[in-house]
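Got the model open in your viewer? Here's a short tour, one selection at a time.

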Amino acid sequence: MDRSLVSVRAALVLLLAALTGLGVGLLSVLAGDGTARGVLAGLAAAGAALPLANRAIVPDAPTGRPVAGAERLKGGTTRG
């Protein structure tokens with residue numbers, strides 16, 4: 001088990017979205033909108049930042065290791 005559950009890229013994308021949502025929510029509350037509107041604004045900003053950060057960060061480079069199950073695909077059929 002040398003592979004992690006979440007890639008570095010996925011963790012970075014989620015972190016950027018969370019920080020964006022936290023910042024917008026905090027600024028909204030400090031502007032006097034109230035806690036509920038601040039939470040909603042933060043969630044909306046995080047949702048909008050997620051695909052933007054996903055496109056902005058370059059995908060991971062291939063490591064050269066074979067993907068699990070790739071040997072079955074090279075063999076031809078997958079019928080048993």
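**Whole chain first**

Of the 80 residues in the protein chain, 16% count as buried (buried is under 20% relative accessible area, exposed over 50%, partly exposed in between, with a 1.4 Å probe and protein chains only). Keep in mind that this is a predicted model, where local features need pLDDT of at least 70, side-chain atom pairs count only at pLDDT 80 or more, and totals for chains, interfaces and linings use all residues. Residues are numbered from 1 along each chain as its sequence is written, and side-chain values use heavy atoms, with hydrogens and water left out.

Switch to cartoon: the protein chain has three helices and zero strands, running α-α-α from the N terminus on. Helices (H or I, at least four residues) and strands (E, at least two) are DSSP runs, numbered from the N terminus. Now turn on the surface. The protein chain exposes about 6700 Å², and carbon and sulfur atoms supply 67% of that (areas come from the Shrake-Rupley method with a 1.4 Å probe; for residues, only the protein chains shown count as cover). If you like contact maps, 68% of the contacts between residues at least 6 apart in sequence join residues at least 24 apart, where contact means heavy atoms within 4.5 Å.

**Next stop: the α1/α2 pair**

Select residues 8-30 for helix α1 and residues 35-56 for helix α2. How are α1 and α2 packed? Their axes sit 7 Å apart, at an angle of about 150 degrees. Axes here are lines fitted to C-alpha atoms, for helices over the stretch in contact, and angles run from 0 to 180 degrees between N-to-C directions. That makes α1 and α2 roughly antiparallel (over 145 degrees; under 35 is roughly parallel, 65 to 115 roughly perpendicular and the rest oblique). The crossing of α1 and α2 is right-handed, that is, the near helix is turned clockwise from the far one by less than a right angle; anticlockwise would be left-handed.

To see the contact, show sticks for residues of α1 including R9, V13, L14 and V24, and for residues of α2 including R37, A45, L50 and N54. By class, the contact of α1 with α2 has 12 nonpolar, eight polar and two charged residues. Ala, Val, Leu, Ile, Met, Phe, Trp, Tyr, Cys and Pro count as nonpolar, Asp, Glu, Lys and Arg as charged, and the others, Gly among them, as polar.

**Single residues to click**

- S28: is this one buried or exposed? S28 counts as buried because its relative accessibility is 9%. Leaving aside neighbours within four places in sequence, S28 touches D33, R37, G38 and A41.
- A10: look in helix α1. A10 is partly exposed, at 31% relative accessibility. Draw a C-alpha distance to I57, 47 residues along the chain, and you should get 9.5 Å.
- L12: also in helix α1, and partly exposed at 38% relative accessibility. From L12 to N54 is 9.1 Å, C-alpha to C-alpha, across 42 residues of sequence.
- T35: hop over to helix α2. With 57% relative accessibility, T35 counts as exposed. The C-alpha atoms of T35 and G25 are 8.4 Å apart, and 10 residues separate the two along the chain.
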